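User: I should like to learn how to read the features of a structural model. Please give the general idea in each case and then turn to the example at hand.

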Amino acid sequence: MAPARSLGLLLFLLLGSDEMPTEEPRNPCKLKEDRQYGSFDLNDIATCFTTCKGSADSPCDVGNLQRYWLKYESYLLENSMETVDLPFVKALIQNISTDVSEDLLFSLMPSQIPKQVMQGEEQPADRVRLPKSLFGALLPGNGSAVQLAITILNISEGDIFKGPKLLQDNGGSVLNSRMVGLSVGQMHATGLSEPVEITFSHQHQPPNMILTCVFWDVAKGNWDTQGCSTEPGDERTVCRCDHLTFFALLLRPILDLATAQTLTHISQAGCGVSMIFLALTIVLYVALRLSLQRFKSEDAPKIHMALSGSLFLLNLTFLISVGSSSQGSPASCWLRAAILHYFLLCVFTWMGLEAFHLYLLAIRVFNTYFGHYFLKLSLLGWGLPALVVIGAGSSNSYGVYTIRDQENRTSLELCWFQKEPALYATVHVYFLVSFLFGAVVLALVAWKIVTLPSATAGKERGQTWKSVFTVLGLSSLVGMTWGLAVLTPLGLSTIYIFALFNSLQGVFIFGWFTILYFPRQSTTAFSSGTARVDQAHSASQE
């Protein structure tokens with residue numbers, strides 16, 4: 001009977017093997033609470049730093065994984081381990097006397113175990129300075145030692161320790177994927193009288209990226225800045241925090257995808273409104289030219305119309321370029337970029353010519369005769385940008401221009417420059433020359449208006465605010481709103497202000513033109529002053 005039973009069991013196993021349940025493939029990222037910190041466990045779980053990247057094929061318990069690594073320092077302290085040297089984590093455990101007489105400095109080089117830097121030794125680029133008051137405050141007066149743990153954790157590019165803050169930023173990241181953990185004993189150190197100072201070295205970052213010192217808030221499961229300050233530098237950033245935990249330096253784009261889309265919508269709406277008012281300005285000028293004889297000889301209205309026309313065409317080209325993105329053939333993209341560049345330079349040039357004409361009217365006044373004056377201005381206003389565009393085009397500078405975030409995702413794409421040196425030389429420098437000239441002329445005119453004798457300026461009440469309004473009106477002609485671009489590195493709010501005010505330049509020009517040439521009877525003396533001076537200037541040229 002025994003052989004029969006054995007044979008039956010063998011047949012059952014053979015025939016029923018297809019129906020036996022199979023084990024699920026082992027996934028270390030579905031972390032269980034009982035995982036230990038042995039060498040095998042650490043290496044196994046460290047693979048999750050790269051594999052846990054929002055993939056549905058390999059689900060991860062990100063919360064448990066984060067708690068696992070946050071408890072690692074406590075494990076090191078409990079087991080009195082001196083050093084850890086693994087590819088993904090470096091750690092130092094050192095006994096420190098609580099009555100130290102000076103601040104302590106430790107290196108944080110990513111490829112080395114943290115080590116103490118003695119006085120007189122060269123300071124490493126990455127370092128942490130612990131104030132002497134830190135240890136005395138934790139164990140005051142007993143002169144005993146306390147264990148200090150310093151951990152450098154490489155978290156790679158996955159979702160672990162990313163948190164909602166970075167996931168919502170859509171492009172932010174932890175600089176160099178590096179976290180620095182600091183703890184003293186098993187104590188919860190907060191509200192320190194002197195902050196700990198962590199210095200992170202890094203390459204020079206592009207202007208559209210910002211660096212922020214943060215710590216990992218265990219309760220929120222997110223990065224936070226409370227209690228930390230940031231001291232940025234070209235190749236290093238210093239973080240000062242009043243507590244001990246895990247710290248990092250966040251690198252985030254100022255123009256992430258959501259911000260770029262919002263700014264694009266603001267610019268499109270502003271450009272559309274400006275185009276309407278610029279068109280009204282041109283129609284108004286044509287009507288005045290047909291009805292008033294003096295408009296045929298005055299140069300100021302002609303210059304205003306040249307600026308209005310170039311600004312209208314720039315707004316139109318911008319809307320077409322943004323609307324079509326980089327679609328189409330390379331040749332069509334090249335052409336759209338060249339046209340956009342041309343009208344942008346025309347606007348800059350005519351703003352400079354507005355400043356030059358204002359200089360002749362208000363500053364120089366005498367000996368201002370130029371034969372064929374407006375013709376020469378037109379040749380310069382429309383011809384010089386054409387020469388610059390031809391030069392840029394011949395060097396193959398135009399193409400698809402892409403703004404990317406730190407993780408190489410596209411925030412904005414349009415037909416523009418593909419060579420940055422050409423962009424700097426033919427746009428940034430060109431604008432800077434025009435803007436600075438206009439700013440100097442406007443400042444001189446403002447000074448002259450403010451210091452104008454009362455006998456000349458008139459004795460009517462409210463002359464001060466009228467002078468201010470005059471300067472503001474002139475500032476729209478010489479392009480002072482473009483100067484807000486200089487402030488954009490200060491933060492996102494200044495970028496929004498620049499996008500809003502600059503796209504509404506056409507509205508400001510319409511308002512100035514209307515008030516200048518349709519003054520109320522009581523304000524004729526102040527608001528038509530420029531027009532009357534221009535009449536005399538034009539008459540001297542005839």
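User: Are Cys 333 and Cys 415 buried or exposed?

Analyst: The general idea is to compare relative accessible area with a cut-off: a residue under 20% is buried. In this predicted model, Cys 333 is buried, as is Cys 415. A disulfide joins these two cysteines, with 2.1 Å from S to S. The pair links distant parts of the chain: Cys 333 belongs to helix 10 (residues 330–364) and Cys 415 to strand 16 (residues 410–417), 82 residues apart.

User: Which hand does the disulfide of Cys 333 and Cys 415 have, and why?

Analyst: The hand is read from the torsion about the S-S bond; here the value is about -120°, so the link of Cys 333 and Cys 415 is left-handed.

User: How many disulfides does the structure hold, and what is their pairing in sequence order?

Analyst: The structure holds 5 disulfides. When the bonded cysteines are numbered along the chain, the pairing reads 1-2, 3-4, 5-7, 6-8, 9-10.

User: What can be said of the disulfide between Cys 29 and Cys 48?

Analyst: The sulfur atoms of Cys 29 and Cys 48 lie 2.1 Å apart. The torsion of -110° about their S-S bond makes the link left-handed. This pair also connects distant parts of the chain, 19 residues apart: Cys 29 is in the loop between helix 1 (2–16) and helix 2 (39–46), while Cys 48 is in helix 3 (residues 48–51). Cys 29 has a relative accessible area of 2% and is therefore buried; Cys 48, at 0%, is buried.

User: Where do Cys 52 and Cys 60 stand with respect to burial?

Analyst: Cys 52 has 2% relative accessibility and so counts as buried, whereas Cys 60 is partly exposed, because its relative accessible area is 24%. A disulfide joins Cys 52 to Cys 60, with an S to S distance of 2.0 Å. Its torsion is about -100°, so this disulfide is left-handed.

User: How should strand pairing be read, and in what sense do strand 3 and strand 5 pair?

Analyst: One looks for the bridges between two strands and then for the residues that stand opposite each other. Strand 3 (residues 104–107) and strand 5 (residues 127–130) pair in the antiparallel sense over 4 bridges, and Phe 106 stands opposite Val 128 in strand 5. Strand 5 also pairs with strand 9 (residues 196–201), in the antiparallel sense over 3 bridges. There, Val 128 stands opposite Ile 198 in strand 9. As a general point, side chains in a regular strand alternate between the two faces of the sheet.

User: Which residues form a nonpolar patch on the surface?

Analyst: A patch is read from its members and their accessible area. Here Leu 380, Leu 384, Leu 387 and Ile 390 form a nonpolar patch, with about 380 Å² of accessible area together. Leu 380 is found in helix 11 (residues 373–394). With a relative accessibility of 41%, Leu 380 counts as partly exposed.

User: What do the values for the chain as a whole show?

Analyst: The chain has 18 helices and 16 strands. Of its 542 residues, 47% count as buried. The chain exposes about 27400 Å², and carbon and sulfur atoms supply 61% of that area. Among contacts between residues at least 6 apart in sequence, 71% join residues at least 24 apart.

Note on methods
Residues are numbered from 1 along each chain as its sequence is written. This is a predicted model: local features need pLDDT of at least 70, side-chain atom pairs count only at pLDDT 80 or more; totals for chains, interfaces and linings use all residues. Side-chain values use heavy atoms; hydrogens and water are left out. Buried means under 20% relative accessible area, exposed over 50%, partly exposed in between (1.4 Å probe, protein chains only). Contact means heavy atoms within 4.5 Å. Accessible areas come from the Shrake-Rupley method with a 1.4 Å probe; for residues, only the protein chains shown count as cover. Two strands pair if DSSP finds at least two bridges between them. Patches are made of residues with over 30% relative accessible area and no salt bridge: like charges are joined within 9 Å, nonpolar side chains (Val, Leu, Ile, Met, Phe, Trp, Tyr) within 5 Å. A salt bridge is a side-chain nitrogen of Lys or Arg within 4 Å of a carboxyl oxygen of Asp or Glu. A disulfide is a pair of cysteine sulfur atoms within 2.5 Å.
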